[in-house]
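The following paragraphs lead the reader through one protein, moving from strand pairing to helix packing and then to individual positions. Please keep the sequence and the model in view while reading.

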Amino acid sequence: MNERTTLEIIAPTVEEALVQGLTQLGLPADAVSVEVLDSGSKGLFGLGGRQVRVRLTVNGPDGAPASKTEPTPASKPDRPAGPAKETKPASVASSPKEKKAEAPVQNKKVEKPIAVKAESPAPKIEPRSGHDEILDKTEEMISKLLHHMGLRGQVSAHYGEDDQAERRSIYVDIRGDDLSALIGRHAETLIAFQHVASLVVGKEIQQWVQLIVDVEGYRSRRENQLKQLANRMADQVIKTGRKATLEPMPASERRVIHIALRSHPAVTTESIGEDPRRKIVILPKG
């Protein structure tokens, strides 16, 4: 331990890293110095997160604080440092040497966190032809969100064609490689990302905005699947005369089923249960 043993630990939190390091070294907390090399990152929705990295350095005889070493046997090696245990001349005479010896260690401590935290710059969005500040800001902010999540994609935004001018929705299409993590099971991650993106863009442009985010055409494909499911289950209800209950769906998908069968002459729909297990029941009319 006199050679100032060091140990680097990677863990979800600083506290867990400290516990692991002390366990491996077999030392109490006051016997080591702790340096956080990388404070980590939570990311968004659990994606793109980074664990913390800490370095534990075993305190040497001349590196341990006096207030901590006096009550313990570890204070014995301090005696050769001078004629007295804690005399001021001894501490003053040894301080320049200690500073020179510790200087290289401090330089290394500064360099390593910088190398760990270095990140590539966020992608820049070039202005579109027919400049629209709101659409440009939307593309810029969503590109930054993707960058912080560790994902890459091409972002394009446009207004809905049938929306009213004062309440126009902004449709955002994200395309790229390996973006399935942004969709998630039953589009749960995509719905959460859309909500966060709406808040971020609205704060940036200082007005309320409704975003409808699609990834690699997922929404249009899923909508077609839901319409086919609705018609198929309606036919089944007509043939059997019995109601049919569909699997639990998010509100956006239930809305597609309701609209698809709203004008159906022989069946009607209703939602039952509570989120996230809320589902649609298709019943025969009359």
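In which sense do strand S8 and strand S9 pair, and over how many bridges? The model is a predicted one, and in it S8 (residues 267–272) and S9 (residues 279–284) pair in the antiparallel sense over 6 bridges. One of the pairs that can be located on the display is isoleucine 272, whose bridge partner in S9 is lysine 279. The hairpin of S8 and S9 has 6 residues between the strands, and within this hairpin glycine 273 takes a positive phi near 85°.

With this hairpin located, the protein as a whole may be considered. Its secondary structure comes to 7 helices and 9 strands. The protein has 286 residues, of which 31% are buried. Its accessible surface is about 18700 Å², and carbon and sulfur atoms account for 52% of that area. Among contacts between residues at least 6 apart in sequence, 56% join residues at least 24 apart.

The N-terminal part of the chain offers a sheet that can be followed strand by strand. This is an open sheet of 3 strands in the order S1-S3-S2, with antiparallel pairing. Strand S1 (6–11) and strand S2 (32–38) are the edge strands, each pairing on one side only. On average, neighbouring strands of this sheet are turned by 25° against each other, direction ignored. As a general point, strands of a sheet pair through backbone hydrogen bonds, either parallel or antiparallel. Here S1 and S3 run antiparallel and are joined by 6 bridges, with alanine 11 standing opposite valine 52 in S3. S2 is likewise antiparallel to strand S3 (residues 52–58), and 6 bridges join the two. In that pairing, valine 34 stands opposite leucine 56 in S3.

Which side chains of S1 point to the buried face? They are Leu7, Ile9 and Ala11, which point to one face and are buried, whereas Thr6, Glu8 and Ile10 point to the other face and are not buried. Such a pattern accords with a general rule: in a regular strand the side chains alternate between the two faces of the sheet. Alanine 11 therefore belongs to the buried set, buried meaning under 20% relative accessible area. Helix H1 (residues 14–25) lies across S1, S2 and S3, and runs at about 140° to S1.

A further strand pairing involves strand S5 (residues 170–175) and S6, which pair in the parallel sense over 5 bridges. Isoleucine 174 has valine 215 as its bridge partner in S6. Why is S6 described as largely enclosed by the rest of the structure? The reason is that 4 of its 5 residues are buried.

Attention may now turn to the helices. The axes of helix H4 (residues 133–148) and helix H5 (residues 188–205) come within 10 Å and cross at roughly 130°. That angle lies outside the ranges for roughly parallel, antiparallel or perpendicular axes, so H4 and H5 are oblique to each other. The crossing in which H4 passes H5 is right-handed. H4 contributes Ile134, Lys137, Thr138, Met141, Ile142, Leu145 and Leu146 to the contact, and H5 contributes Phe193, Ala197, Val200, Val201, Glu204 and Ile205.

Glutamine 207 lies in the loop between H5 and strand S6 (211–215). Leaving aside its neighbours within four places in sequence, glutamine 207 is in contact with Ile134 and Gly202; Ile134 is also one of the H4 residues in the contact with H5. Because its relative accessibility is 43%, glutamine 207 counts as partly exposed.

A second helix pair is formed by H6 and helix H7 (residues 251–260), whose axes come within 9 Å and cross at roughly 45°. H6 and H7 are therefore oblique to each other, and H6 passes H7 in a right-handed crossing. The contact involves Tyr218, Arg222, Glu223, Leu226, Lys227 and Ala230 of H6, together with Glu253, Val256, Ile257 and Ala260 of H7.

Is lysine 239, which lies in helix H6 (residues 218–240), buried or exposed? Its relative accessibility is 74%, and lysine 239 therefore counts as exposed. Lysine 239 and proline 284 are 45 residues apart along the chain, and their C-alpha atoms are separated by 9.8 Å.

Conventions
Residues are numbered from 1 along each chain as its sequence is written. This is a predicted model: local features need pLDDT of at least 70, side-chain atom pairs count only at pLDDT 80 or more; totals for chains, interfaces and linings use all residues. Side-chain values use heavy atoms; hydrogens and water are left out. Two strands pair if DSSP finds at least two bridges between them. Axes are lines fitted to C-alpha atoms, for helices over the stretch in contact, and angles run from 0 to 180 degrees between N-to-C directions. Contact means heavy atoms within 4.5 Å. Buried means under 20% relative accessible area, exposed over 50%, partly exposed in between (1.4 Å probe, protein chains only). Accessible areas come from the Shrake-Rupley method with a 1.4 Å probe; for residues, only the protein chains shown count as cover. Angles under 35 degrees count as roughly parallel, over 145 as roughly antiparallel, 65 to 115 as roughly perpendicular and the rest as oblique. A crossing is left-handed if the near helix is turned anticlockwise from the far one by less than a right angle, and right-handed if clockwise.
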